[in-house]
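Biologist: Could you take me through one part of this protein at close range? I would like to hear about the nonpolar interior and the helices that build it, and then about the charged pairs.

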Amino acid sequence: MKRPILSIAFLLLLIIGTILILRNAQNKRYLQLSGDVFGTSYHITYYSSKPLDNEVKATLQRVDATFSMFNPSSLTARLNAGIDTVLNDNFIEVFNMAQQVAQRTNGAFDITVAPLVNLWGFGIDSQSKPSKPSIDSIKQFVGYDKVSLQQKHLRRTHPNIQLDFSAIAKGYACDALANTMKRHQVEHFMIEIGGEVICRGDNPKGKTWNIAVQNPQAEGDSVAYQTILPLKNRAVATSGNYRNFYYKNGRRYAHTINPHTGYPVEHTLLSATVVARQCALADAYATAFMVMGLTKAQQLLQYNSEIQALLIYEDNKKQLKTWCTPELEKLLQ
């Protein structure tokens with residue numbers, strides 16, 4: 001007699017479970033979140049039966065508590081203050097990725113560039129044009145090969161070496177939020193933080209997400225789009241010198257600092273848009289390409305199949321030109 005009773009109980013549980021699943025599916029809708037973080041803004045659209053405001057805020061707080069240079073209690077700020085701190089898994093993951101990109105770009109991407117960024121006024125200090133002797137004195141503390149990990153501690157060749165994760169942290173935050181969505185069974189979403197984007201599934205119209213790539217020659221506060229990039233199950237990041245810069249004594253200084261020379265980059269490449277599986281990876285390579293310039297970026301992309309890129313530059317007549325990898329060109333067509 002026990003077997004029929006167990007069968008009926010199992011059937012009832014199955015029916016109840018099915019009803020709950022169907023009800024949950026019926027309650028799903030596209031929700032939106034936005035706010036300020038990391039000195040910029042974020043926008044999230046996701047398909048879910050329940051709001052994830054608290055989960056999103058908790059994820060962003062964890063990233064900020066690890067990588068912020070402006071939060072004095074963050075792990076990175078404590079390291080830059082000379083405090084030996086036990087590193088968490090987030091720091092180790094991003095540090096290893098940053099070092100990998102640094103090696104592949106011959107140091108064009110370098111998280112030890114922080115002292116130079118501050119010296120030129122794009123970090124925590126005020127804007128100023130430094131002298132050549134001051135630049136030369138700072139350069140001795142810059143170099144990705146001057147830092148390493150020993151178990152869960154940072155090792156550096158000089159105590160004046162400081163870290164700056166701003167060129168990879170926003171992308172990593174997008175990845176972290178994507179993992180948060182995945183843990184809550186969210187299959188369709190678009191996450192954007194300060195222009196870095198990661199997409200999964202479909203948009204509210206049931207189609208592929210479309211991400212605009214800005215025209216770097218748009219004047220003032222106007223926004224014009226160079227192209228629209230269809231994005232599905234990929235991440236994209238754009239780096240350029242057309243927004244973050246300042247003028248000093250009539251000269252324009254871009255925010256991208258070349259770790260090798262110690263000076264802001266000066267070349268024809270205006271912006272680099274990189275598509276990859278991970279937004280942190282796209283973020284780091286986009287910055288590296290802005291340091292490398294058009295020709296070196298093109299050369300690296302010929303031998304790196306894990307990323308695709310769209311490069312926007314000026315020719316010798318100041319005309320806007322574009323170049324992109326073959327796979328991305330097919331996607332744009």
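Modeller: Happy to! To set the scene, the protein has ten helices and 14 strands, and what you see is a predicted model. Of its 333 residues, 46% count as buried. Contacts between residues 24 or more positions apart make up 58% of the contacts in the protein with a separation of 6 or more. The accessible surface comes to about 17,700 Å², and carbon and sulfur atoms hold 50% of that area.

Now to the interior. In soluble globular proteins, nonpolar side chains tend to be buried together. Here the largest nonpolar core has 72 residues, and Ile191 and Phe289 are the ones that touch the most other members. Helix α8, residues 279-292, gives the most to this core, with twelve residues. Leaving aside residues up to four places away in sequence, Phe289 touches Leu269, Ala272, Val274, Ala297, Leu300, Leu301, Ile307, Ala309 and Leu311. There is also a second, separate core of 14 residues, and Val197, Val236, Ile312 and Leu328 are included in it.

Several of the partners of Phe289 lead us to helix α9. Among the residues that Phe289 touches are Ala297, Leu300 and Leu301, and α9 spans residues 294-301. The buried residues in α9 are Leu294, Ala297, Gln298, Leu300 and Leu301. Looking down the axis of α9, you find these buried residues within an arc of 165°, so they line one face of the helix. The cover over them includes α8, along with α4 (89-104) and the strands β12 (269-276), β13 (308-314) and β14 (320-324).

Glu314 falls within the span of β13, residues 308-314, and that residue takes us to the charged pairs. Side chains of opposite charge can pair when their charged atoms come close. A search of the whole structure finds six salt bridges. One of them joins Glu314 to Lys318, with 3.8 Å from N to O. The two ends sit in unlike settings: Glu314 is buried, at 18% relative accessibility, whereas Lys318 is exposed, at 58%.

Another salt bridge joins Lys232 to Asp202, at 3.1 Å from N to O. Lys232 lies in the loop between β8 (225-231) and β9 (234-240), while Asp202 lies in the loop between β6 (196-200) and β7 (209-214), so this pair ties together parts that are 30 residues apart in sequence. Lys232 itself is partly exposed, with a relative accessible area of 39%.

For a pair inside a single helix, turn to Asp136 and Lys132, whose side chains form a salt bridge at 2.8 Å, N to O. Both residues belong to helix α6 (residues 132-139) and are four residues apart, about one turn of the helix. Asp136 counts as partly exposed, at 35% relative accessibility.

Let me finish with a buried polar residue, Ser48. Ser48 lies in strand β2, residues 40-48, and is buried, with a relative accessibility of 4%. A polar atom of the Ser48 side chain lies 2.9 Å from the backbone oxygen of Lys50. Not counting residues up to four places away in sequence, Ser48 touches Asn27, Lys28, Arg29, Leu31 and Val186.

Note on methods: Residues are numbered from 1 along each chain as its sequence is written. This is a predicted model: local features need pLDDT of at least 70, side-chain atom pairs count only at pLDDT 80 or more; totals for chains, interfaces and linings use all residues. Side-chain values use heavy atoms; hydrogens and water are left out. A salt bridge is a side-chain nitrogen of Lys or Arg within 4 Å of a carboxyl oxygen of Asp or Glu. Helices (H or I, at least four residues) and strands (E, at least two) are DSSP runs, numbered from the N terminus. Buried means under 20% relative accessible area, exposed over 50%, partly exposed in between (1.4 Å probe, protein chains only). A polar contact is a pair of N or O atoms within 3.5 Å; within protein, one must be able to donate a hydrogen and the other to accept it, and residues adjacent in sequence count only if both atoms are side-chain atoms. Contact means heavy atoms within 4.5 Å. A nonpolar core is a set of buried Ala, Val, Leu, Ile, Met, Phe, Trp, Tyr and Cys residues joined through side-chain atoms within 4.5 Å. Accessible areas come from the Shrake-Rupley method with a 1.4 Å probe; for residues, only the protein chains shown count as cover. The arc is that of the directions from the helix axis to the C-beta atoms.
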